Amino acid sequence: MSYFCVFCEIIDGREPADIRYQDEHVIVFKNRLNWVPVMLLAVPKRHMTQGELWTSDAMVHVARAAAEQGDRFSPAGFRLLSNFGTQAMQSQVHAHIHVLGGAFLGEYA
């Protein structure tokens with residue numbers, strides 16, 4: 001890899017993260033952003049784009065982990081979200097799913 005990927009650095013243990021779950025395929029950690037009380041990122045351990053994630057077998061693992069951790073940390077309800085491209089506010093090229101919850105999300109759009 002010829003560019004810096006903070007998610008790959010977290011996966012390899014070279015960047016700190018508040019890890020909530022991991023297995024051989026996926027890692028879930030707390031997002032550094034604080035827009036809602038529960039804001040986690042479910043990330044495949046293999047570097048891939050959003051489009052590659054959503055059309056690959058890896059999606060099963062990432063989706064399962066995202067849903068399980070959403071239910072664990074926001075049992076009253078949560079939202080799973082993926083952004084595709086800069087106009088959709090995707091800031092990391094490494095594929096990921098946002099797990100948002102901990103509050104009524106109607107006021108957060």
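Which residues point one way from β5, and which the other way? In this predicted model, I97, V99 and G101 point one way, while H98 and L100 point the other way. Residues on both sides of β5 are buried.

## Strand β5 and its partners

The covering of β5 is easily stated: 5 of its 5 residues are buried, and the strand is mostly covered. In a regular strand the side chains alternate between the two faces of the sheet. The split within β5 places I97, V99 and G101 on one side and H98 and L100 on the other.

β5 pairs with two strands. With β3 it runs antiparallel, joined by 5 bridges, and in this pairing L41 stands opposite H98. With β4 it also runs antiparallel, joined by 4 bridges. Across from β4, two positions of β5 can be matched by residue: R79 stands opposite L100, and F78 stands opposite G101.

## The sheet

The strands belong to an open sheet of 5, in the order β1-β2-β3-β5-β4, with antiparallel pairing. Its edge strands are β1, spanning 19-22, and β4, each of which pairs on one side only. From one strand to the next the twist averages 20 degrees. Strands of a sheet pair through backbone hydrogen bonds, either parallel or antiparallel.

The order of the sheet sets β5 between β3 and β4. This agrees with the bridges listed above, which join β5 to β3 and to β4.

## The largest pocket

The largest pocket has a volume of about 560 Å³. Its lining is made up of 28 residues, and those nearest the centre are N31, L33, W35, M39 and H98. The elements giving two or more residues to this lining are α1 (6-11), β2 (26-30), β3 (38-44), β4 (78-81) and β5 (97-101). The largest share, 3 residues, comes from α1.

By residue class, the lining divides into 18 nonpolar, 6 polar and 4 charged residues. H98 links the pocket to the strand described at the start: H98 is one of the residues nearest the pocket centre, and H98 points from β5 the way L100 does. Opposite H98, on β3, stands L41.

## Salt bridges

The structure holds 4 salt bridges. Among them are two that share R14. The side chains of R14 and E9 meet at 2.9 Å, N to O, and R14 also forms a salt bridge with D12, where the closest N and O atoms are 3.0 Å apart. E9, D12 and R14 are thereby linked in a network of salt bridges.

The two acidic partners of R14 can be set side by side by accessibility. E9 has 14% relative accessibility and therefore counts as buried, the cut-off being under 20%. D12 has a relative accessible area of 47%, so D12 is partly exposed.

Another of the salt bridges joins D18 to R20, with the closest N and O atoms 3.1 Å apart. D18 counts as partly exposed because its relative accessibility is 38%. R20 counts as partly exposed as well, at 25% relative accessibility. R20 lies within the span of edge strand β1 (19-22).

Notes: Residues are numbered from 1 along each chain as its sequence is written. This is a predicted model: local features need pLDDT of at least 70, side-chain atom pairs count only at pLDDT 80 or more; totals for chains, interfaces and linings use all residues. Side-chain values use heavy atoms; hydrogens and water are left out. On a 1 Å grid over the protein atoms alone, a cavity is a set of points where a 1.4 Å probe fits but cannot get out, and a pocket is an open set with protein on both sides within 12 Å along at least five of seven lines; lining residues have an atom within 4 Å of a point. Grid points are joined across faces, edges and corners, and a volume is the space filled by probe spheres set on the points. Ala, Val, Leu, Ile, Met, Phe, Trp, Tyr, Cys and Pro count as nonpolar, Asp, Glu, Lys and Arg as charged, and the others, Gly among them, as polar. Buried means under 20% relative accessible area, exposed over 50%, partly exposed in between (1.4 Å probe, protein chains only). Two strands pair if DSSP finds at least two bridges between them. Axes are lines fitted to C-alpha atoms, for helices over the stretch in contact, and angles run from 0 to 180 degrees between N-to-C directions.
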